[in-house]
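Thank you all for coming. I would like to walk you through one structure this morning, going from a single strand residue to the sheet, then to the rings, the pocket and the charged pairs.

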Amino acid sequence: TTPARRSRMQVVFTIGSGSGKDHELVEKFLAEANDELGWLDIRSHPLGLPSDAIRVTMYNHQTLDTVKVVRELMHDFHKRHA
């Protein structure tokens, strides 16, 4: 889709190319995020289909503290797998 039509309620990213070993890291990140932040909607594809993307959904109001928790999870994951 065109950028103007993309949702601003989701932060979408991947790790590296998202394929091969990077796809393994995507799956590992999703598992860790859901173990630690199961209360936040972090998944690969909205319908549960396999994908190289990671989506953090923010349709409900998220506090600054929540954003900081997600940021720390991402920074910690990066330090361990860079």
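Let me begin with Val 12, which counts as partly exposed because its relative accessibility is 46%, where buried means under 20% relative accessible area, exposed means over 50%, and partly exposed is in between, with a 1.4 Å probe and protein chains only. Before going further, I should say that this is a predicted model, in which local features need pLDDT of at least 70 and side-chain atom pairs count only at pLDDT 80 or more, while totals for chains, interfaces and linings use all residues. Residues are numbered from 1 along each chain as its sequence is written, and side-chain values use heavy atoms, with hydrogens and water left out.

Val 12 lies in strand β1; strands here are DSSP runs of E with at least two residues, helices are runs of H or I with at least four, and both are numbered from the N terminus. In sequence Val 12 and Ile 54 are 42 residues apart, yet in space their C-alpha atoms are 5.6 Å apart.

That brings us to the sheet. It is an open sheet of 3 strands, in the order β1-β3-β2, and the pairing is antiparallel, with two strands taken to pair if DSSP finds at least two bridges between them. Strands β1 and β2 (42–43) are the edge strands, each pairing on one side only. Between β2 and strand β3, residues 54–57, there are 2 bridges, and these two strands run antiparallel; Arg 43 has Arg 55 in β3 as its bridge partner. As general background, strands of a sheet pair through backbone hydrogen bonds, either parallel or antiparallel.

Now to the aromatic rings. How many aromatic pairs are there? The count comes to 2, the rule being that rings of Phe, Tyr and Trp (its six-membered ring) pair if their centres lie within 6.5 Å, with planes under 30 degrees apart called stacked, over 60 edge-to-face, and the rest tilted. Phe 13 and Phe 29 form an edge-to-face pair, 5.9 Å centre to centre and with 75 degrees between the planes. This pair links distant parts of the chain, since Phe 13 is in strand β1 (residues 10–13) and Phe 29 is in helix α1, 16 residues apart. Phe 29 also forms an edge-to-face pair with Phe 77, at 5.2 Å centre to centre and 85 degrees between the planes. Here too distant parts of the chain are linked, Phe 29 in helix α1 and Phe 77 in helix α2, 48 residues apart. Phe 29 and Phe 77 are both buried, Phe 29 with a relative accessible area of 3%, and ring pairs link Phe 13, Phe 29 and Phe 77 into a cluster.

The members of that cluster come up again in the largest pocket, whose lining consists of Phe 13, Ile 15, Leu 25, Phe 29, Ile 54, Met 74, Phe 77, His 78, His 81 and Ala 82. Two elements, α1 (21–36) and α2 (64–81), give two or more residues to this lining, and α2 provides the largest share, 4 residues.

Last, the charged side chains. There are 3 salt bridges, each defined as a side-chain nitrogen of Lys or Arg within 4 Å of a carboxyl oxygen of Asp or Glu. In one of them Glu 32 meets Arg 80, with the closest N and O atoms 2.5 Å apart, and this pair links distant parts of the chain, Glu 32 in helix α1 and Arg 80 in helix α2, 48 residues apart. Glu 32 is buried at a relative accessible area of 15%, whereas Arg 80 is partly exposed at 40%. Asp 76 and Arg 80 form another salt bridge, at 3.0 Å from N to O, and because they are 4 residues apart in helix α2, they are separated by about one helical turn. Through shared partners, salt bridges join Glu 32, Asp 76 and Arg 80 into one network. A further salt bridge connects the side chains of Arg 71 and Glu 72, at 3.2 Å from N to O; Arg 71 is partly exposed at 40% relative accessible area, and Glu 72 is partly exposed at 44%.

Technical notes:
1 Å grid on protein atoms, 1.4 Å probe; cavity = no way out; pocket = protein on both sides within 12 Å on 5 of 7 lines; lining within 4 Å.
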